[in-house]
Amino acid sequence: MFVALVLAAYRAAGPRCSPWPQRLPFLGGGEADTHAWQRYHVRFYTMTLVFIAFEMEMMFMYPWAVVFVEEGLKALAEMGMFLAILSLGILYGWREGIFRWQ
C-alpha cells in the first residue's frame, strides 16, 4: 500500500517525459546514426559469460588450496572433477562455435 502511494505521488509530482528529440543520445552536437545498443554485439555476452565462469573457478580454487593442505588427495580428486566438468563445457562450446568471431 505504501509503495503504491509513493509511486502515485511520484507520478503526480515527478518530472514529465521530455519530447522525443530530447531523449536521443547526445553525440557532440550531432544526431546519432545508430542506436546505442548496436555497438554491443551478442558475441561480447558469450565472452563475458566465459570470463565470469573462469573467475568463479578462481574463487573456488583459493579455498580449495587451503583445504588441500589438510585433506590431501581427496581434495585433489574433487578439484580434478570440478575442472573436468568445466573443461567439458568449454570443449562443448568450442565445438558449437561460440568462440568464432564472425
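Me: Let's start with R95: is it buried or exposed?
Reply: Good place to begin, and keep in mind that this is a predicted model. R95 has a relative accessible area of 62%. The cut-off for this class is over 50%, so R95 counts as exposed.

Me: Which residue forms a salt bridge with R95?
Reply: For a salt bridge, a side-chain nitrogen of Lys or Arg must lie within 4 Å of a carboxyl oxygen of Asp or Glu. Here the closest N and O atoms are 3.2 Å apart, and the count for the model comes to one salt bridge. The partner of R95 is E96.

Me: And how exposed is E96?
Reply: Its class lies between buried, under 20%, and exposed, over 50%. E96 has a relative accessible area of 43%, so E96 is partly exposed.

Me: How do α3 and α4 run relative to each other, roughly parallel or roughly antiparallel?
Reply: Two packed helices are described by the angle between their axes and the distance between the axes. For α3 (42-71) and α4 (residues 73-96), the axes are 8 Å apart and the angle is about 165°. Because angles over 145 degrees belong to this class, α3 and α4 are roughly antiparallel.

Me: What is the handedness of the crossing where α3 passes α4?
Reply: We have just looked at the angle of this pair, about 165°. The handedness adds another detail: the crossing of α3 past α4 is left-handed.

Me: How far apart are the C-alpha atoms of V69 and T46?
Reply: V69 sits in helix α3 and is exposed, at 69% relative accessibility. Along the chain, V69 and T46 are 23 residues apart. In space, their C-alpha atoms are separated by 35 Å.

Me: What about the C-alpha atoms of L49 and V6, how far are they separated?
Reply: L49 also has its place in helix α3, and its relative accessible area of 60% makes it exposed. L49 and V6 are 43 residues apart along the chain. The separation of their C-alpha atoms is 37 Å.

Me: What is the area of the nonpolar surface patch that includes W37?
Reply: W37 is found in the loop between α2 (20-23) and α3, and it is exposed at 59% relative accessibility. Together with Y40, V42, F44, Y45 and W101, W37 makes a nonpolar surface patch. The area of this patch is about 710 Å².

Note on methods. Residues numbered from 1 in each chain as written. Predicted model: local features only at pLDDT ≥ 70, side-chain atom pairs only at ≥ 80, totals over all residues. Heavy atoms only, no water. Patch = residues over 30% accessible without salt bridge, like charges linked within 9 Å, V, L, I, M, F, W, Y side chains within 5 Å. Areas by Shrake-Rupley, 256 points an atom, 1.4 Å probe, with all protein chains shown as cover. Helix = DSSP H or I, 4+ residues; strand = E, 2+ residues; numbered from the N terminus. Buried < 20%, exposed > 50% of the residue type's maximum accessible area, 1.4 Å probe, protein only. Axes fitted to C-alpha atoms, helices over the stretch in contact; angles between N-to-C directions. Parallel < 35°, antiparallel > 145°, perpendicular 65-115°, else oblique. Left-handed = near helix turned anticlockwise from the far one by under 90°.
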